[in-house]
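The following account leads through a single protein chain, moving from its overall make-up to its helix packing and then to individual residues. The reader is invited to keep the model in view throughout.

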Amino acid sequence: MDTKTVKKKKESSRSLFYRISVWLHLWLGLVTGIVMIIVCLTGCIWVFQDEITSLVLEPEANVPYQDKPVVQPSQIMAIAANEFPDKRVASAYYLQGRAIEVSIGGRRRGGPTLKIHPYTGQVMGKTVRKEGEVSFFRWVLNGHRFLWLPFKIGRPIVNYSTLIFVITLITGMVLWWPQKWTKSTRERSFTIKWNGSAKRVNYDLHNVLGFYSLLVIAAISMTGMVYGIEWFSKGLYWTTTGGKTLPPYAQNHSDTIQTLRPYTPAQAADGAWQQVASKHPDSKGFFMMYPDSSDRKAPITVTVYPSRGKFYDNQGYAFDQFTLKPLPKDEVYGTKFSEASFGNKLRRMNYDIHVGSILGLPGKVLAFFASLIGASLPVTGFIIWWGKKKKGTKKGKKSKSQAKQVDPTQPFQPARRSSVNRPVGPVYAPSTHSNPASDSTNV
């Protein structure tokens, strides 16, 4: 029986589902490999953005907690007006243990920023960037979200590459599962043979690490898809809430026809802040959006962060910029976390699951290594595929060389006579075909 017949029998012993999984795993992985390497590596860095910023990039902005009142929003407006007379304050981010980060002129437009001491009002730092210039972590985030391409081009590429990556994880699990559980298959499936050949170690890194990190990588990937794929986001919410439609973000507006103006902009900012701070005196952070003076409909918004380093339990408030009347709360993010439904809780935990902070520092470490493994899978998978491709090419060249000497399609073939005039029988060349579904080390 020739090699081709043996390979065909091995291939036929595998199910159609398995063979389809092999094909999908290989080609989908090759198509999206480079994209997912970038997404996973930038994700690794982003996970520890707070720690890296505090310890390495901006240690001078660390301010020990003091049990005393912090600088009020109106004071921030005055300080900013002194530094940038022709610009307005867009937002202020209070975080316990850090200087207040103040964005000037509009957060999305890349305006200047101030670092203000939360207890004294002293300007601790000022950054003015040129057009298009961004901070290090904003650059990392841009790569993570849209590969530093134009947003409308890069964003769909990242979103649907992530979806394809999830499919490769599922098909990878199909390939990982042995036909029969034995002592040797258990060892190959759960342990890395570090003393093996380079080819074997690479295969184990792909196969074994892929299995151990599967659930974490899948969770990180799917929570990322919530932000980028609308039908997935709505479908997940519908599933987790028992058939409810995802409500749109609350679009609150100030009353522009209100003739009574009892507060100046500075007084309104302080009033909104005091209403929220009095309800959450123990919160670890506040994010305040000042109204745009050119947009009379814009409200004042204040988001409360009760826990440091976590965002799932935040609560948002909105106020009319003229009357300080509380505006309707967002259905998902406007209530207390403890009072939210299961589906809304899960939606609010989405970011913390995505970066691992839902489990604190251990969760971040777990997310970091899972993302690192995720970045390695396309690399180790490509090496496996390339090794098989080269092996198949060598076999093909060898077979062609042998075919020049003997025609295996003929039952018998006259050969050149030796010195003793002895005939030579038929010679069969080895098969040049290699099917990945029949090989024990699939991509």
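**Helix packing and buried residues**

Helices α7 and α8 are roughly perpendicular to each other, because an angle from 65 to 115 degrees counts as such. The model in which this arrangement appears is a predicted one. Helix α7 covers residues 183-190 and helix α8 residues 198-212, and the two pack at an angle of about 85°, their axes being 7 Å apart. On the α7 side the contact is made by Arg188, Ser189 and Phe190, which meet Arg200, Asp204, Asn207, Val208, Phe211 and Tyr212 of α8. Sorted by class, the residues of this contact comprise four nonpolar, two polar and three charged.

One participant from helix α8 merits a separate description. Asn207, which is found in α8, has a relative accessibility of 12% and therefore counts as buried, the limit being under 20%. With residues up to four places away in sequence not counted, Asn207 touches Trp176, Arg188 and Ser189. Of these, Arg188 and Ser189 belong to α7.

The setting for these details is the chain as a whole. The secondary structure of the protein chain amounts to 14 helices and seven strands. The chain has 443 residues, of which 40% are buried. Among its contacts between residues at least 6 apart in sequence, 61% join residues at least 24 apart.

A second helix pair follows in the sequence. Helix α9, residues 214-228, packs against α10 at an angle of about 110°, and the axes are 6 Å apart. This angle also falls between 65 and 115 degrees, and α9 and α10 are therefore roughly perpendicular to each other. Their crossing is left-handed. In α9 the residues involved are Met222, Met225, Val226 and Gly228, which meet Glu230, Phe232, Ser233 and Leu236 in α10. The residues of this contact divide into five nonpolar, two polar and one charged.

Beyond α10 (230-240) comes a loop that leads to α11 (265-279), and Thr241 lies in this loop. Is Thr241 buried or exposed? Its relative accessible area is 15%, which is under 20%, so Thr241 is buried. The side chain of Thr241 has polar partners in the backbone: a polar atom of this side chain lies 2.6 Å from the backbone oxygen of Tyr237, and the backbone nitrogen of Lys244 lies 3.3 Å from a polar atom of the side chain. When neighbours within four places in sequence are left aside, Thr241 is in contact with Gly343 and Asn344.

Helix α11 itself contains two buried residues to be considered in turn. Ala272 lies in this helix and has a relative accessible area of 0%, so Ala272 is buried. Not counting residues up to four places away in sequence, Ala272 touches Ile300, Phe319 and Leu324. The C-alpha atoms of Ala272 and Pro73 are separated by 9.4 Å, although these residues are 199 residues apart along the chain.

Trp273 is likewise placed in α11 and, at 5% relative accessibility, counts as buried. Which residues is Trp273 in contact with, leaving aside its neighbours within four places in sequence? They are Val70, Gln72, Pro73, Tyr94, Phe286 and Met288. Trp273 and Ile300 are 27 residues apart in sequence, and their C-alpha atoms are 9.3 Å apart in space.

Leu324, named above as a residue that Ala272 touches, leads to a point of backbone geometry. Most residues other than glycine have a negative phi. Leu324, a residue other than glycine, has a positive phi near 65°. Leu324 lies in the loop between β7 (315-319) and α12 (342-348), and at 8% relative accessibility this leucine counts as buried.

Leu147 presents a positive phi as well, of about 60°, although it is not a glycine. The place of Leu147 is in the loop between α5 (136-146) and α6 (151-176). With a relative accessible area of 13%, under the limit of 20%, Leu147 is buried.

Definitions and conventions: Residues numbered from 1 in each chain as written. Predicted model: local features only at pLDDT ≥ 70, side-chain atom pairs only at ≥ 80, totals over all residues. Heavy atoms only, no water. Helix = DSSP H or I, 4+ residues; strand = E, 2+ residues; numbered from the N terminus. Buried < 20%, exposed > 50% of the residue type's maximum accessible area, 1.4 Å probe, protein only. Polar contact = N/O pair within 3.5 Å; in protein donor to acceptor, adjacent residues only side chain to side chain. Contact = heavy atoms within 4.5 Å. Axes fitted to C-alpha atoms, helices over the stretch in contact; angles between N-to-C directions. Parallel < 35°, antiparallel > 145°, perpendicular 65-115°, else oblique. Left-handed = near helix turned anticlockwise from the far one by under 90°. Nonpolar A, V, L, I, M, F, W, Y, C, P; charged D, E, K, R; others polar.
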